[in-house]
Amino acid sequence: MSVQHDPSRRPAGRAALTNDVGRFESLVREAVDDGWDLAEEVPPLRTEVTEEVPRSVITRNQSPDVPFDRSINPYRGCEHGCIYCFARPTHAYLGLSPGLDFETKLVARPDAPRVLEVELRRKSYRCDVIAIGTNTDAYQPIEKERRVMRGILEVLQRFRHPVGIATKGVLVERDIDILGEMGQAGLTRVGLSITTLQDDISRRMEPRVPSPKRRLQAIERLAKVGIPVRVMISPIVPGLTDHEIEGIVSAARDAGAVAASMIPLRLPAEVSQLWQDWLAEHYPERMGRVMSKLRDMHGGKDYDSEWGKRMRGQGIWADLLQHRFARAVKEAGLHGELPPLRTDLFEVPLARGDQLALF
């Protein structure tokens, strides 16, 4: 059930217009105006952070759609608040809403670096690339204070363990001292997501993400210290941002990116209604065109979760996007794929108190 939202009472700096309960809840909430409430200014919707102590931090997957089999998520939920985020439905597993709760009720895992070290020291562990930022962003605003990602990188650097990072956050520049050394050693690369070059669309669609111009500056700063950077045009929204493919690729190339990738908009589970509510609020004149193209790309549905299709789509519009993107990448001289990160440098360092550490 989607709650009607009064635009004058929309929380500032948030993308979702509703806070409907998740799909696993037995009861729903609905806002009702009984005529007794006096008009008043809506207070800011503050971010709340709780903590959890994980038993393990390396999550395994067997998806054929992604080039990695393990990942780490320092946080649950994401303050960036991108309305299109495919990770929103995961908040339902916590009994929270994929809507405003996803943007405002976050879970931090401060003990993650210690738990990661325990996992990497196991004799059964076999090194392969760890992906970070594939669900929620490790460099969202609360990382500045919490520094969970920083601690994870310090562990990976000591173990000479390869890591691939995806982010929209320019806070990644803070860790250039670690990432620069690892990048030059073939142990890391960074994917920086730019969905649009238009400040107005970005501010509405991803309200707490740094501006497109600022993200281009981050690409430049990372590239200058030897970190291979990929620009990720994800998601591409047909009928809203798809005309920017060539421009984003060129701008990222000029900033120092060496590779590019793209994924069309995905609308799994609760994301579909959240997206349609947002689109009707901000771009009602484009709603029919955008949703028609999306459905054409997913067999008439809002979303097709089938492997091999969910991250690419199918049909004329999907093929056209892929063709345009491939041509733009080729003309810009960027790579679609980069050489694999090194796994042969992995080495378990001596733990504090080990006998050989005395010499």
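## A three-stranded sheet

In this predicted model, three strands form an open sheet whose order is β1-β5-β4 and whose pairing is mixed. The edges are taken by β1, which spans 48-51, and by β4, which spans 75-76, each of them pairing on one side only.

The contact between β4 and β5 can be described in more detail: β5 covers residues 105-108, and the two strands run in the antiparallel sense over 2 bridges. Within this pairing, tyrosine 75 has alanine 108 of β5 as its bridge partner. As a general matter, the strands of a sheet are paired through backbone hydrogen bonds, in either a parallel or an antiparallel manner.

## The chain as a whole

The protein chain contains 11 helices and 10 strands, and 51% of its 359 residues count as buried. Its accessible surface comes to about 17,600 Å², with 51% of that area belonging to carbon and sulfur atoms. When contacts between residues at least 6 apart in sequence are considered, 79% of them join residues that are at least 24 apart.

## Nonpolar cores

The largest nonpolar core has 62 residues, of which Leu116, Ile132, Leu153, Leu156 and Ile219 touch the most other members. Another core, of 27 residues, lies apart from it and includes Ala15, Leu100, Ile201 and Leu265. In soluble globular proteins, nonpolar side chains tend to be buried together.

Isoleucine 132 illustrates the surroundings of one such core member: with neighbours within four places in sequence left aside, isoleucine 132 is in contact with Ile72, Pro74, Ala138, Met149 and Ile152, and also with Leu156, Val163, Gly164, Ile165 and Ala166.

Terms used: Residues are numbered from 1 along each chain as its sequence is written. This is a predicted model: local features need pLDDT of at least 70, side-chain atom pairs count only at pLDDT 80 or more; totals for chains, interfaces and linings use all residues. Side-chain values use heavy atoms; hydrogens and water are left out. Two strands pair if DSSP finds at least two bridges between them. Helices (H or I, at least four residues) and strands (E, at least two) are DSSP runs, numbered from the N terminus. Buried means under 20% relative accessible area, exposed over 50%, partly exposed in between (1.4 Å probe, protein chains only). Contact means heavy atoms within 4.5 Å. Accessible areas come from the Shrake-Rupley method with a 1.4 Å probe; for residues, only the protein chains shown count as cover. A nonpolar core is a set of buried Ala, Val, Leu, Ile, Met, Phe, Trp, Tyr and Cys residues joined through side-chain atoms within 4.5 Å.
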